[in-house]
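Let's take a stroll through a protein chain together. Have a look at the picture first, and then we'll go through it piece by piece.

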Amino acid sequence: MYKSVIVGLAMLMIPGSTAVFAQGYYNPQGKPPAGYHQNYKPHHGYQAPRKRSHWSRGERLPSQYRRDVVRDYKRYRLAPPPRGHHWVRVNNDYLLISATTGLIASVFGAR
């Protein structure tokens, strides 16, 4: 009898305990707790940076993208660059560009 009462009380507590996790947060200051990102809206005037996902051969790569030079090209399974060229990583793409002019010679898009 005692075991059945305890099992019955435990079964009544299970649905109630899951409802606690489904509730939102309460904070009198109006700030969400650390790590809480539900329905996050960025500040006014904020614009997410746009990523250029398509590069084509013959285009000139802007100078701000030429900084991330890939020195260990074998690690990424890239061919050795010819003289006067080097590999650059932009977002998740690898571009073979001319070191002097910035013209794109080849594009390797990572997936």
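Of the 111 residues in this chain, buried ones make up 14%. Keep in mind that you're looking at a predicted model. The accessible surface of the chain comes to about 9,800 Å², and carbon and sulfur atoms account for 56% of that.

So what does the chain fold into? You'll find one helix and four strands, and reading along the sequence gives you the pattern α-β-β-β-β. As for contacts between residues at least 6 apart in sequence, 33% of them join residues at least 24 apart.

**The helix**

Start with helix α1, which covers residues 2-22 and is home to Met 11. Together with Val 7 and Ile 14, Met 11 makes a nonpolar surface patch of about 300 Å². Is Met 11 buried or exposed? Its relative accessibility is 54%, so Met 11 counts as exposed.

**The hairpin**

Now jump to the other end of the pattern. Strand β3 (residues 93-98) pairs with strand β4 (residues 104-109) in the antiparallel sense, over five bridges. One of the residues to look for is Leu 96, whose bridge partner in β4 is Ser 106. The two strands form a hairpin with five residues between them. In the turn sits Gly 102, with a positive phi of about 85°. While you're looking at strands, here's a handy rule: in a regular strand, side chains alternate between the two faces of the sheet.

**The aromatic rings**

How many aromatic pairs does the structure hold? There are three. One of them is Trp 55 with Tyr 65: the ring centres are 5.5 Å apart and the planes sit at 70°, which is over the 60 degree cut-off, so this pair is edge-to-face. Both residues lie in the loop between α1 and β1, so the pair ties together parts that are 10 residues apart in sequence.

Another pair is Tyr 94 with Phe 108, and this one is tilted, with 6.4 Å centre to centre and 40° between the planes. Tyr 94 belongs to strand β3 and Phe 108 to strand β4, so their pair ties together parts that are 14 residues apart in sequence. Ring pairs also bring in Tyr 76, linking Tyr 76, Tyr 94 and Phe 108 into a cluster.

Here's how covered up the members of these two pairs are:

| Residue | Relative accessible area | Status |
|---|---|---|
| Trp 55 | 4% | buried |
| Tyr 65 | 28% | partly exposed |
| Tyr 94 | 5% | buried |
| Phe 108 | 38% | partly exposed |

Key: Residues are numbered from 1 along each chain as its sequence is written. This is a predicted model: local features need pLDDT of at least 70, side-chain atom pairs count only at pLDDT 80 or more; totals for chains, interfaces and linings use all residues. Side-chain values use heavy atoms; hydrogens and water are left out. Two strands pair if DSSP finds at least two bridges between them. Patches are made of residues with over 30% relative accessible area and no salt bridge: like charges are joined within 9 Å, nonpolar side chains (Val, Leu, Ile, Met, Phe, Trp, Tyr) within 5 Å. Accessible areas come from the Shrake-Rupley method with a 1.4 Å probe; for residues, only the protein chains shown count as cover. A salt bridge is a side-chain nitrogen of Lys or Arg within 4 Å of a carboxyl oxygen of Asp or Glu. Buried means under 20% relative accessible area, exposed over 50%, partly exposed in between (1.4 Å probe, protein chains only). Contact means heavy atoms within 4.5 Å. Rings of Phe, Tyr and Trp (its six-membered ring) pair if their centres lie within 6.5 Å; planes under 30 degrees apart count as stacked, over 60 as edge-to-face and the rest as tilted.
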